[in-house]
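Q: Please take a close look at one part of this structure, the aromatic rings and the packing around them, and explain it for someone who has not seen it before. I would also like to know how that part relates to what is found elsewhere.

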Amino acid sequence: MTMVSRTTPVKQSTLTVPERVPVEPVAARNISVDAYRGLVMLLMMAEVLQFSRVAELYPTSLFWKMLGFNQTHVEWFGCSLHDTIQPGFSFLVGVALPYSIASRIANGARFKELFFHAMWRSLVLVALGVFLRSMDHSMTYFTFEDTLSQIGFGYPFLFVLGFRSSEAGRAKWAWAALCLILVGYWLAWAAYPVAPTNFDWQSVGVPATWNAQHNFTGFAAHWNKNYNCGNRFDQWFLNLFPREHPFVYNSGGYLTLSFIPTLGTMILGLIAGRWLRESRPKIPMKKLLIAGVSGIALGLALHYSHICPVVKRIWTPSWTIFSGGICFLFLAAFSWVIDAKGFKKWTFPLLVIGMNSIAAYCIAHFTEGFLESTLRIHLGANFFQFVGVGLEPFFQGAAILLCYWLVLFWMYRRKLFLKI
């Protein structure tokens, strides 16, 4: 992990590049991509606003109930705004890759160097994910379902695919790999037996009330919580590591193997990134919109036909397709407003975050408790009750969120960008 000072990119002249990769001029940063990434990270950092807690204190308010719903994950099937954070972050890793590869090749990097960098980045992301997960435990907590670890596991495969598909005549490799991953993953889950009729769901952390409300029946039951192919894998894999207690289930249903369909999300981003670079300075709006609408429609069709339910927590193939469609539409919207219409000034607060996403991720995880206690010490325990106890969590969270942004703004002004 390194701290670098970013300067304005300069277009390159003709260079000799090994590995039969065509030379392309290095384009300037894509502001719409940075702004979209900034929105994704802002939604993640904005958890400190505690909308759901405020909604509990104002149970009759539809406004707070709506905000609370969209700042929490749905229980199983469905999607809230909060559920779009992880697919958005993963998707944008893929979008950025064609730009990164082109830039490094233009500077003379060979495939071997780039691949070892990709492996190093993968290792750091996985390790950082484990480190963050271990903060509230008495020993290293080896689980790999968090965003960083999921991206880290899939990144080397994404890089190889991105590098090879950049060569002439190999652009279809990304689509072929996507289909292979999603169909193969679906087959593995479909082949795993469903829970028997008399299964004790509480033994895997699923209460009877939750089971009755959210578990699927029929063929879709292959994707029920904590009795599925992915959970069985984790009961073997995670217990290979030293643990405080033997692993039986994840209370949220999250899984290590979700990195495979998450790789599918990153591939969709890779495809979108190639479209953006190949069509510059124009915007491939038609492609983005068709991909977006088609992804949402196909994902829902797979769910309601009971072929494959849309479940974010276990990242079903239909969720990859459905959430990928949402990501395409977000990217289309940002590209249209910023690049087509030229409205760029409003993006500055998002660019401060989006250009330093790893730093933003770490700041949100490391400093919330410190900032909360610091504000309480210097402002008093009841300072944020100035408009009532019910809104105290919101205003306290707003102050913490502002502190996050100011730190990132300080880094932005000094051109300090955390890179892996």
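A: A residue counts as exposed when its relative accessible area is over 50%, as buried when that area is under 20%, and as partly exposed in between. The model is a predicted one, and every value that follows is computed from it.

With these cut-offs, F386 counts as exposed, because its relative accessibility is 52%. F383 has a relative accessible area of 40%, so this residue is partly exposed. The two residues form an aromatic pair: the ring centres of F383 and F386 are 6.0 Å apart and the planes stand at 70°, so the pair is edge-to-face. An angle over 60 degrees is what places a pair in that class. A second pair, made by W405 and F409, is stacked, with 5.1 Å from centre to centre and 10° between the planes. W405 and F409 both belong to helix α16, where they are 4 residues apart, about one turn of the helix. F409 is partly exposed, because its relative accessibility is 23%.

These are two examples among the 47 aromatic pairs that a search of the whole structure finds. Ring pairs also join F383 and F386 to further rings, in a cluster that links F51, F63, W64, F383, F384, F386, F394 and F395.

Helix α16 leads from the rings to the packing. L401 has its place in this helix, and L401 counts as buried because its relative accessibility is 16%. Leaving aside neighbours within four places in sequence, the residues in contact with L401 are L42, M45, A46, V48 and L49. Y404, with neighbours within four places again set aside, is in contact with M45, V48, I363, A364, T367, E368 and L371. M45 and V48 therefore appear in the contact lists of L401 and Y404 alike, where contact stands for heavy atoms within 4.5 Å. A place farther along the chain can be compared with L401 as well: I338 is 63 residues away in sequence, and the C-alpha atoms of L401 and I338 are separated by 25 Å.

M45 and Y404 come up again in the largest nonpolar core, which has 89 residues; those with the most contacts inside it are M45, F91, L158, I267, L331, Y404 and L408. Helix α4 gives the largest share of this core, 10 residues. Apart from this core lies another, of 19 residues, including Y185, A220, W223 and L255.

A buried residue in another helix offers a comparison. S165 has its place in helix α6, and S165 is buried because its relative accessible area is 0%. Without its neighbours within four places in sequence, S165 is in contact with R170, A171, W173, L270 and R274. Of these, R274 is 109 residues from S165 in sequence, yet the C-alpha atoms of the two are 9.5 Å apart in space.

Helix α6 (147–165) also takes part in the second largest pocket, for α1 (31–45), α4 (85–106), α5 (111–133), α6 and α14 (357–366) each supply at least two residues of its lining. Among these helices, α1 gives the most to that lining, with 4 residues. The second largest pocket holds about 970 Å³ of space. Its lining has 33 residues, and E47, H73, R133, Y361 and H365 lie nearest the centre. By class, the lining consists of 15 nonpolar, 11 polar and 7 charged residues.

The loops between helices, and the one that follows α16, bring some backbone details. K415 lies in the loop between α16 (392–413) and β2 (416–419), and its phi is near 55°, a positive value in a residue other than glycine. K415 is partly exposed, because its relative accessible area is 41%. H306, in the loop between α11 and α12 (317–340), likewise has a positive phi, near 65°, in a residue other than glycine. In the loop between α10 (259–279) and α11 (285–304) lies P281, which is joined to R280 by a cis peptide bond with omega at about 5°.

Returning to the part asked about, the edge-to-face pair joins the exposed F386 and the partly exposed F383, while helix α16 carries the stacked rings of W405 and F409 and the buried L401.

Definitions and conventions. Residues numbered from 1 in each chain as written. Predicted model: local features only at pLDDT ≥ 70, side-chain atom pairs only at ≥ 80, totals over all residues. Heavy atoms only, no water. 1 Å grid on protein atoms, 1.4 Å probe; cavity = no way out; pocket = protein on both sides within 12 Å on 5 of 7 lines; lining within 4 Å. Points joined across faces, edges and corners; volume = space filled by probe spheres on them. Nonpolar A, V, L, I, M, F, W, Y, C, P; charged D, E, K, R; others polar. Core = buried A, V, L, I, M, F, W, Y, C linked by side-chain atoms within 4.5 Å. Buried < 20%, exposed > 50% of the residue type's maximum accessible area, 1.4 Å probe, protein only. Phe/Tyr/Trp six-rings, centres within 6.5 Å; stacked < 30°, edge-to-face > 60°.
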